[in-house]
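Student: I've just opened this one and I'd like to know how the labels get earned. Can we go through them together?

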Amino acid sequence: MTKDMLMARIAAIVTTLADMGGSPESTLYLALGMDMDAWQTIRGIMLRSGLVNISSHYVTLTDSGKVTADRLNAVIEERR
């Protein structure tokens, strides 16, 4: 997985979580094409960077994650 692919997947997950409020890990894993290695990599980056909390395999955004999602969504809206 390239850095660009990694960043795009993290951006997609963060903005989706902002809309949904949270998600089971399994749903996000399935969204990545059932690639456990990709999910573990992305999961680790999001946890270490403080974007998400994971409790009982349920993923939610931290306050920092919400700010990041808002910024990403603003850029998306600008480009429309």
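Tutor: Sure. Keep in mind that this is a predicted model. Let's begin with a pairing: strand β2 (residues 52–55) and β3 run antiparallel to each other, joined over 4 bridges.

Student: What makes β2 and β3 count as a pair?

Tutor: Two strands pair if there are at least two bridges between them. β2 and β3 have 4 bridges, so they pair by that rule. One spot to look at is valine 52, which sits opposite leucine 61 in β3.

Student: And how do you know that β1 pairs with β3?

Tutor: Same kind of check. Strand β1 (residues 23–24) and β3 share 2 bridges, in the antiparallel sense, and the cut-off is at least two, so the pair counts. Look for serine 23, whose bridge partner in β3 is valine 59.

Student: What are the covered and uncovered faces of β3?

Tutor: Strand β3 covers residues 58–61; Val59 and Leu61 are on its covered face, while Tyr58 and Thr60 are on the uncovered one. In a regular strand the side chains alternate between the two faces of the sheet.

Student: Why is serine 56 called exposed?

Tutor: Exposed means over 50% relative accessible area. Serine 56 comes out at 72%, so it is exposed. You'll find serine 56 in the loop between β2 and β3, and it has a positive phi of about 55° although it isn't a glycine.

Student: Why does histidine 57 get called exposed?

Tutor: Its relative accessible area is 58%, and the cut-off is over 50%, so the word fits. Histidine 57 is also in the loop between β2 and β3, and its phi is positive too, near 65°, in a residue other than glycine.

Student: Zooming out, how do you know whether the radius of gyration agrees with a compact globule?

Tutor: With 80 residues, a compact globule would have a radius of gyration near 12 Å; the chain has 12 Å, so the two agree. Along the principal axes, the C-alpha atoms fill a box of roughly 35 × 25 × 20 Å.

Student: What share of the residues counts as buried?

Tutor: That's 29% of the 80 residues, where buried means under 20% relative accessible area.

Student: And what is the order of helices and strands along the sequence?

Tutor: The chain has 4 helices and 3 strands, and reading along the sequence gives α-β-α-α-β-β-α.

Note on methods
Residues numbered from 1 in each chain as written. Predicted model: local features only at pLDDT ≥ 70, side-chain atom pairs only at ≥ 80, totals over all residues. Heavy atoms only, no water. Buried < 20%, exposed > 50% of the residue type's maximum accessible area, 1.4 Å probe, protein only. Rg over C-alpha atoms; globule rule 2.2 N^0.38 Å.
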